[in-house]
Amino acid sequence: MIRITDSLAISADEIAWAFTRASGPGGQNVNKVSTAVELRFDVARAFLPGDLKARLRPLAGRQLTQDGILLITCQETRSQERNREIALQKLVELLRKAAERPKRRIATRPTRASKTRRLDSKARHSQTKKLRRARPETD
């Protein structure tokens, strides 16, 4: 089990791994060893709360496919094991961020001073516009 929060955990069986050859540094191993990691997590089928899935969709962005599969790729290091750890870390961070419930906004009324400032600003703007108007010519 992979712990996300105190009350949320996902099974390691829900994560699928794929390995490919990475671009970038690697020396003689670059053409032999598959160090790039692709993590696949099926959000649509996962046992996650509905509100968490809804918050995850905009957070994941292009990493989430139309089918509801979250794709995280990593080829930062030359080690496959380290790339796996980084990809898993990214998944956990993304799920933790989605698990945070946004604070409810408490509706407040504008203060008297803010109302006065707004009206003063409108009056100044109106006066500026009035001065720009063309005056009719009188003979």
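**Contacts, core and salt bridges**

Q: Leaving aside neighbours within four places in sequence, which residues is L70 in contact with?
A: This is a predicted model, in which local features need pLDDT of at least 70 and side-chain atom pairs count only at pLDDT 80 or more, while totals for chains, interfaces and linings use all residues. Residues are numbered from 1 along each chain as its sequence is written, and side-chain values use heavy atoms, without hydrogens and water. Contact means heavy atoms within 4.5 Å. With those sequence neighbours set aside, the partners of L70 are L39, R40, F41, V43, A60, Q63, L64, L91 and L94.

Q: Which element gives the largest share of the largest nonpolar core?
A: A nonpolar core joins buried Ala, Val, Leu, Ile, Met, Phe, Trp, Tyr and Cys residues through side-chain atoms within 4.5 Å. Of its 25 residues, I10, F41, L48, L70, L91 and L95 touch the most other members. Two or more residues each come from β4 (36–42), α1 (50–60), β5 (69–74) and α2; helices (H or I, at least four residues) and strands (E, at least two) are DSSP runs numbered from the N terminus. The largest share, seven residues, comes from α2.

Q: Is A98 buried or exposed?
A: A98 lies in helix α2 (residues 80–99). Buried means under 20% relative accessible area, exposed over 50%, partly exposed in between (1.4 Å probe, protein chains only). Because its relative accessibility is 0%, A98 counts as buried.

Q: How many salt bridges does the structure hold?
A: A salt bridge puts a side-chain nitrogen of Lys or Arg within 4 Å of a carboxyl oxygen of Asp or Glu. One of them pairs D51 with R101 (2.8 Å, N to O). The structure's total is four.
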